[in-house]
Amino acid sequence: MSAIDAAADGAVPKGTARAKVPARAWISWTALALMTTSSVASLRPSPTMAMYGLACVFLYLVPALVFLLPTSLVSAELASSWKGGVYRWVSLGISKPMGFLAVWCQFAMTIFYYPSLLGFVASTLAYVINPALAASGVWTACVIVVVYWAGVWISSRGTSGVAGLASGGLIIGTLVPGAVLVILGLIFLGQGNASAAPMDSDHLLPAWAGLASLVLIVNNFLSYSGMEMNAVHVGSLKDPAKQFPKAIFLAMGLVLVIFILPALAISWIVPAEQLSLTAGIMQAFETIFAEFGTQWLTPIFGVMLVAASLGGMLTWLAGPSKGLLLISRQEGYLPPVLQRLNKNGIQQNILVAQGLVTTVIALGYALVPSVSSAYWIFSVITTQVYLIMYLLMFVAAVQLRRKDPGRARGYRAPLLKTLCGVGFTASLAALLVGFVPPSQFGGGNTLVYLAIVGGGALGLGLLVPFLFYRLRKPSWKLSENTENTENTEEAAT
């Protein structure tokens with residue numbers, strides 16, 4: 001049994017479990033902080049918050065305190081006490097149907113996540129080929145379709161080494177471009193150039209023009225999501241009670257630096273009214289490199305950003321669908337055709353089905369007049385679907401503390417009810433606010449916006465899993481003998 005499994009099981013006394021773990025299995029709290037930073041931090045949301053100028057600091061800090069912190073500490077307790085991830089936590093805390101809903105939302109959010117991620121890739125890639133393409137919905141749709149299906153092909157072959165590409169993305173596509181952008185931005189201001197956004201104390205808070213003026217903060221919840229996956233490593237710490245909070249606060253500080261400073265740099269260089277939500281980073285690089293006569297660096301940095309994003313996509317592609325597959329085989333939630341594995345042991349049919357939906361969604365970029373509007377809509381739907389899972393997780397955590405208070409926990413979150421209350425309230429508020437059209441897209445049809453966002457979030461996040469659950473059949477449950485036979489056949493192949 002690994003250190004993580006031992007801590008997650010929680011069935012043995014703490015001292016006994018620790019005594020059996022070899023020293024080489026431990027990781028330092030600083031290493032965990034860096035792992036968390038690499039999986040959460042990204043430059044992709046920077047243009048979104050750059051629209052707010054100096055107020056982006058406030059808009060990043062608020063969700064960090066009311067969402068990132070509760071999510072991190074609560075999921076750490078759950079991960080160090082029960083193996084099986086969010087499905088087991090919610091199933092034990094609430095019910096099996098709600099557990100299926102939670103794991104489904106964890107998977108379903110990727111259906112809209114890939115179009116938004118690859119929309120960013122398309123706009124960035126446009127600056128390597130022809131910057132005019134960044135505003136083309138047809139170009140964006142074509143890139144999404146081609147790149148996604150290429151990723152499915154790579155993943156279905158069970159290619160190893162993808163994780164290495166993704167881990168290198170923190171340096172190649174995040175730290176280096178982010179540092180260069182901030183340093184050149186500071187030099188740009190130091191030379192006497194005026195900032196495109198006001199940087200005085202009067203602009204520390206966003207201007208209030210009604211609820212729609214704060215809608216873009218919803219996107220930050222997605223930026224901070226995924227902490228429940230990193231929490232599984234809490235069992236690899238020697239003293240989780242002391243070291244995990246240290247790791248989380250260090251990670252929060254690093255993530256905030258990576259999020260805030262590049263966003264500020266973009267706001268110094270590119271006026272808010274000219275910013276594209278998908279191509280804003282490349283707009284900033286193009287402007288700042290032109291200022292210093294090094295425009296030839298723009299396509300190079302574009303390739304770096306694209307490589308990092310593609311590495312992250314390949315890592316995420318098979319992960320959530322793998323979890324859905326395992327639960328569906330045990331409980332029979334999905335029809336047999338979606339439970340089949342290819343000769344490499346990959347859930348290829350789920351990836352293909354997901355790809356068909358992604359292809360249809362990609363057409364939205366070609367149909368919606370503004371690429372930025374399409375990007376925002378898909379980001380909101382992604383966030384809302386994922387927030388359903390977090391709402392269930394917070395409820396389950398309180399229930400599990402009440403139902404099984406004596407269970408040995410590798411890490412016990414302080415003030416659990418308060419953390420869950422804050423996290424639940426923030427998540428619910430963000431989910432509801434997502435239905436309000438943001439002020440930046442005030443010229444569109446509100447009813448159309450509500451239909452797309454509501455249909456996408458509620459349809460994919462609630463209706464589809466409800467239908468799967470209601471239509472399930474006993475024959476969909478894969479028996480242990482069938483699973484063993486299939487594994488034997490795959491090994492022989």
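**Close-up 1. Helices H5 and H18 meet in this predicted model.** From H5, the residues Val66, Phe67, Pro70, Leu73, Val74 and Glu77 touch Leu416, Leu419, Cys420, Val422, Gly423, Ala426 and Ser427 of H18. Sorted by class, this contact between H5 and H18 holds ten nonpolar residues, two polar ones and one charged one. If you would like to trace the two helices, H5 covers residues 56-79 and H18 covers residues 416-433. Their axes lie 9 Å apart and make an angle of about 130°. Because of that angle, H5 counts as oblique to H18. The crossing of this pair, H5 and H18, is left-handed.

**Close-up 2. Leu73 sits in helix H5.** Leu73 is one of the H5 residues that meet H18. With a relative accessible area of 6%, Leu73 is buried. Which residues does Leu73 contact, leaving aside its neighbours within four places in sequence? They are Phe244, Tyr411, Ala413 and Leu419. Take a moment to find Ala413: along the sequence it is 340 residues apart from Leu73, yet their C-alpha atoms are 5.6 Å apart in space.

**Close-up 3. Tyr411 belongs to the loop between H17 and H18.** Is Tyr411 buried or exposed? Its relative accessible area is 3%, so Tyr411 is buried. Setting aside neighbours within four places in sequence, Tyr411 is in contact with Leu73, Ala76, Glu77, Ser80, Val234, Pro240, Ala241, Phe244 and Pro245. For one of these partners, Glu77, there is a C-alpha distance to look at: 5.1 Å from Tyr411, although the two are 334 residues apart along the chain.

**Close-up 4. Leu415 is also in the loop between H17 and H18.** Here the relative accessible area is 65%, so Leu415 is exposed. Tyr411, in contrast, is buried. The backbone of Leu415 deserves a look too: its phi is near 50°, a positive value in a residue other than glycine.

**Close-up 5. Helix H3 crosses helix H12.** H3 runs over residues 29-40 and H12 over residues 240-269. Their axes come within 8 Å and cross at roughly 40°, and the crossing is right-handed. On the H3 side you will find Trp29, Thr30, Leu32, Ala33, Leu34, Thr36, Thr37 and Val40. Facing them from H12 are Gln243, Phe244, Lys246, Ala247, Leu250, Ala251, Leu254, Val255, Ile258 and Phe259. By class, the contact of H3 with H12 has 13 nonpolar residues, four polar and one charged.

**Close-up 6. Helices H16 and H17 pack together.** Look for H16 at residues 348-367 and H17 at residues 371-403. The two axes are 8 Å apart, at an angle of about 145°. H16 brings Ile361, Gly364 and Tyr365 to the contact, while H17 brings Val371, Ala374, Tyr375 and Phe378. Six residues of this contact between H16 and H17 are nonpolar, one is polar and none is charged.

**Close-up 7. The largest nonpolar core has 146 residues.** Which of its residues touch the most other members? These are Val74, Tyr224 and Phe244. H17 supplies the largest share of this core, with 21 residues. You have already met Val74 in the contact of H5 with H18, and Phe244 in the contact of H3 with H12. As for Tyr224, not counting residues up to four places away in sequence, it touches Val40, Tyr60, Pro63, Ala64, Phe67, Leu68, Val255, Leu256 and Phe259.

Technical notes:
Residues are numbered from 1 along each chain as its sequence is written. This is a predicted model: local features need pLDDT of at least 70, side-chain atom pairs count only at pLDDT 80 or more; totals for chains, interfaces and linings use all residues. Side-chain values use heavy atoms; hydrogens and water are left out. Axes are lines fitted to C-alpha atoms, for helices over the stretch in contact, and angles run from 0 to 180 degrees between N-to-C directions. Helices (H or I, at least four residues) and strands (E, at least two) are DSSP runs, numbered from the N terminus. Contact means heavy atoms within 4.5 Å. Ala, Val, Leu, Ile, Met, Phe, Trp, Tyr, Cys and Pro count as nonpolar, Asp, Glu, Lys and Arg as charged, and the others, Gly among them, as polar. Angles under 35 degrees count as roughly parallel, over 145 as roughly antiparallel, 65 to 115 as roughly perpendicular and the rest as oblique. A crossing is left-handed if the near helix is turned anticlockwise from the far one by less than a right angle, and right-handed if clockwise. Buried means under 20% relative accessible area, exposed over 50%, partly exposed in between (1.4 Å probe, protein chains only). A nonpolar core is a set of buried Ala, Val, Leu, Ile, Met, Phe, Trp, Tyr and Cys residues joined through side-chain atoms within 4.5 Å.
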